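Subject: Structure handover

Hello,

Here is the structure I said I would pass on. Please open it next to this message and follow the residues as they come up.

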Amino acid sequence: MGLQIRKSWSVAGGLLRKGAMEQKKRKMRGSPDDIRTYFRNEKSLLVLITITGILYNAGMTAGPWFEGQMAQMLCDIIQKTRVPEEMVRLAATYVLVILFVQGMRYFKRLFIRRFANEISRDMKETLYQNLLSSSDAGGENAGSLLTKAIADADACTEGIRKFTTEIFDTGVVMAAYLVMLLSYDWRLTLLVMIFPPFAYLIAAKLRGYVAKVSAQGKESEARLNQATLDRVSNAMTYRVYGEETRRNLLYEEVLTDYERKEARANLLVSSVQPLYQIIASISVVLILWLGGRNVAGNGWTAWNIAAFSTFLACFTKLAAKSSKAAKLFNAVQKAQVSWRRIKPFLKETRLPEVTETAPCRTLQVKDVSFSYDAGHPVFSHLTFAAQPGEIIGVTGEVASGKSSLGRLFLPGSSYTGEIDWGEEDWHACMNDGKSYVGYLGHQPELFSGTIEENIRLGKEGDLSQVLAEVCMDEDLKTFPDGVKTMIGDGGVRLSGGQQARIALARTLYHARPLMILDDPFSAVDPKTEAQIFSNLRAHSSGSTILLISHRLSLFSRMDQVLFLDHGSAACGTHEELMKTQPTYRELVTRQEKAGDLDE
């Protein structure tokens, strides 16, 4: 389960890094937790949507008018007061007008779709940035939180899209139909317009209930996602300890709850639509009765067949739009529920913009301690100093805090004690707009793309040197597409050693004055490990490197060694620790006997 969660965060991080260059060109203006910001940022698209939307929806009234005229023309032809050629000309004009109107519809939908895509991109990018860096994510299953946040972002985007669409497809066109109805018979229009508002009132009454049911469905879906990940990831554990049957029953309960609540939500949304349309269409009876009197010449207004047909067609279309407007209320209500859930994660976080790489200085760690909770320190009273160009080995037994020490130098970390970069405080350095640290985590974070894209991350330059430094140049000769080779999601098309070396090449290509390399050689053979280490020594004189590893074959060649042991931390050369640290000496001896250390 942990691997799947890390993979989700890795994909999210890869998307952010892959879009870094494009984002430099396009930055969000305004606060991302204000819904108005997304509209203001797309003013040009909204102008195009407005122009095409008005032309399309105002043009929709041409359909009923032409249909009424053709009905009248047909009656006149039958009565021989008109000739068929006039019908042909009228029909041709009708076709041309409809083609123009549908062309405007095409462009309106195109612009609205792009408008929604831009909003989705901005919203999800902000979510990814904040969720990846926020400590709030630690309070809930990370995979479930990410899944729900993205689903809610999609629901918000869909609500915005529908709202923007229906302003024109419902608001403008209804106004156009209403104007046409009033022009034919204002008394009958006022009478028949009594019923459509009832559809709105019912929609308003039901919107709260629809929102409640939809929220329950979302919560049940999140529980199902979490239960599915749990059953897949821990299936063997449950089987070994005899928990499989009970866990299956619990999963069935969660699945049944999801099916019931999702079915209720879908049924409610789909069943109210016909109800709205029936209520809105009741007035058709009045049109048939009173409109017929108009045609007969004893009503409020004298009509011909064309007027009757146009009025009836306009009202039926207006009634249909009324029912869609009611449906829009439900969609917007669902979007509001999702918006309230993700709004806390859309708070604007201004990360310092990196303008240049900082110079390499002496790293001084003074009496530093770190713990996840107050009673159990991971390590305590760590003190050491590292000069530019030094490679510091960090090791210890399993769960001794090696990776925690590496993450201590990343932005947002917390510790007690003092870390200085030259004469400056490390935390202050993190906020001065310069780049100080390069980090290679324990798991290679590769996104679906080419080898070149995974290394460059938008930075131009020659890749040959870093590829040679990580001993990847020979492997590339066997790939038909070389650095253009697609590696698949997470680098699945590469071996474990190749994944590790590509991730290391990326770190070295984006060299920083302080480099944290967490177990970079775990998936490579000892000969390749020794060669890469020699290359690091030769080409990284401008950086201080903390090399975290459980394999100790190269530790005799380190400038210093940090050894973590049951909460304590010792620093010295390899030779010094062999004399003063029995546990370190035992680890080295154990690996020598196992044949893991080079002679």
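The notes below go from the whole protein to single residues.

Overall

Please keep in mind that this is a predicted model. The protein has 599 residues, and buried ones make up 46% of them. Its secondary structure comes to 22 helices and twelve strands. If you take the contacts between residues at least 6 apart in sequence, 76% of them join residues at least 24 apart.

The nonpolar cores

The largest nonpolar core holds 42 residues. Ile-455, Leu-504, Phe-521, Leu-536, Leu-547 and Met-558 are the members with the most contacts inside this core. Several elements each supply at least two of its residues, including the helices α16 (451-456), α17 (464-469) and α20 (526-539) and the strands β9 (514-518), β10 (544-548) and β11 (560-565). Helix α19 (496-509) is also on that list, and α19 gives the largest share of the core, six residues.

Phe-521 is a good residue to click on here. Not counting residues up to four places away in sequence, Phe-521 touches Leu-504, Glu-529, Ile-532, Phe-533, Leu-536, Leu-547, Arg-551 and Leu-554. Apart from this core lies another one, of 28 residues, with Val-365, Trp-421, Val-437 and Ile-516 among them.

The open sheet

Four strands form an open sheet in the order β3-β2-β5-β6, and their pairing is antiparallel. Which strands stand at the edges? They are β3 (376-386) and β6 (424-425); each has a single partner strand, so one side of each is left without a neighbour in the sheet.

Strand β2 covers residues 363-373 and β5 covers residues 416-421, and five bridges join these two antiparallel strands. Two of the residue pairs are easy to find: Lys-366 in β2 has Glu-418 of β5 as its bridge partner, and Val-365 is partnered by Ile-419 of β5. On the way to the edge, β5 and β6 also run antiparallel, joined by two bridges. One residue pair there is Asp-420 with Asp-425 of β6. These two strands form a hairpin with two residues between them, and Gly-422 in the turn has a positive phi of about 70°.

Aromatic rings

The structure holds 13 aromatic pairs. One of them is formed by Tyr-106 and Phe-107, which are edge-to-face, with 5.2 Å from centre to centre and 75° between the planes. Why is this pair called edge-to-face? The planes are 75° apart, and an angle over 60 degrees counts as edge-to-face. Tyr-106 counts as exposed, at 52% relative accessibility, while Phe-107 counts as partly exposed, at 36%.

Elsewhere, ring pairs link Phe-409, Trp-421, Trp-426 and Tyr-436 into a cluster. Trp-421 is thus worth a second look, as it is also listed in the core of 28 residues. There is also a charged side chain over a ring: Lys-459 lies over the face of Tyr-509, at 4.8 Å from the ring centre.

Three single residues

Thr-61 is found in the loop between α4 (43-59) and α5 (62-78). Is Thr-61 buried or exposed? Its relative accessible area is 12%, so Thr-61 is buried. A polar atom of the Thr-61 side chain lies 2.7 Å from the backbone oxygen of Ala-58. Leaving aside neighbours within four places in sequence, Thr-61 is in contact with Ala-176, Tyr-177 and Met-180.

Cys-360 lies in the loop between β1 (356-357) and β2. With 22% relative accessibility, Cys-360 counts as partly exposed. Its contacts, not counting residues up to four places away in sequence, are Pro-388, Trp-421, Pro-513, Gly-542, Ser-543 and Thr-544. Along the sequence, Cys-360 and Thr-544 are 184 residues apart, yet their C-alpha atoms are 7.5 Å apart in space.

Trp-289 has its place in helix α12 (residues 284-296). Trp-289 is exposed, as its relative accessible area is 54%. Between the C-alpha atoms of Trp-289 and Gly-299, which are ten residues apart along the chain, the separation is 9.8 Å.

Regards

Note on methods:
Residues numbered from 1 in each chain as written. Predicted model: local features only at pLDDT ≥ 70, side-chain atom pairs only at ≥ 80, totals over all residues. Heavy atoms only, no water. Phe/Tyr/Trp six-rings, centres within 6.5 Å; stacked < 30°, edge-to-face > 60°. Buried < 20%, exposed > 50% of the residue type's maximum accessible area, 1.4 Å probe, protein only. Lys NZ or Arg CZ within 6 Å of the ring centre and 35° of its normal. Pairing = 2+ DSSP bridges. Polar contact = N/O pair within 3.5 Å; in protein donor to acceptor, adjacent residues only side chain to side chain. Contact = heavy atoms within 4.5 Å. Core = buried A, V, L, I, M, F, W, Y, C linked by side-chain atoms within 4.5 Å.
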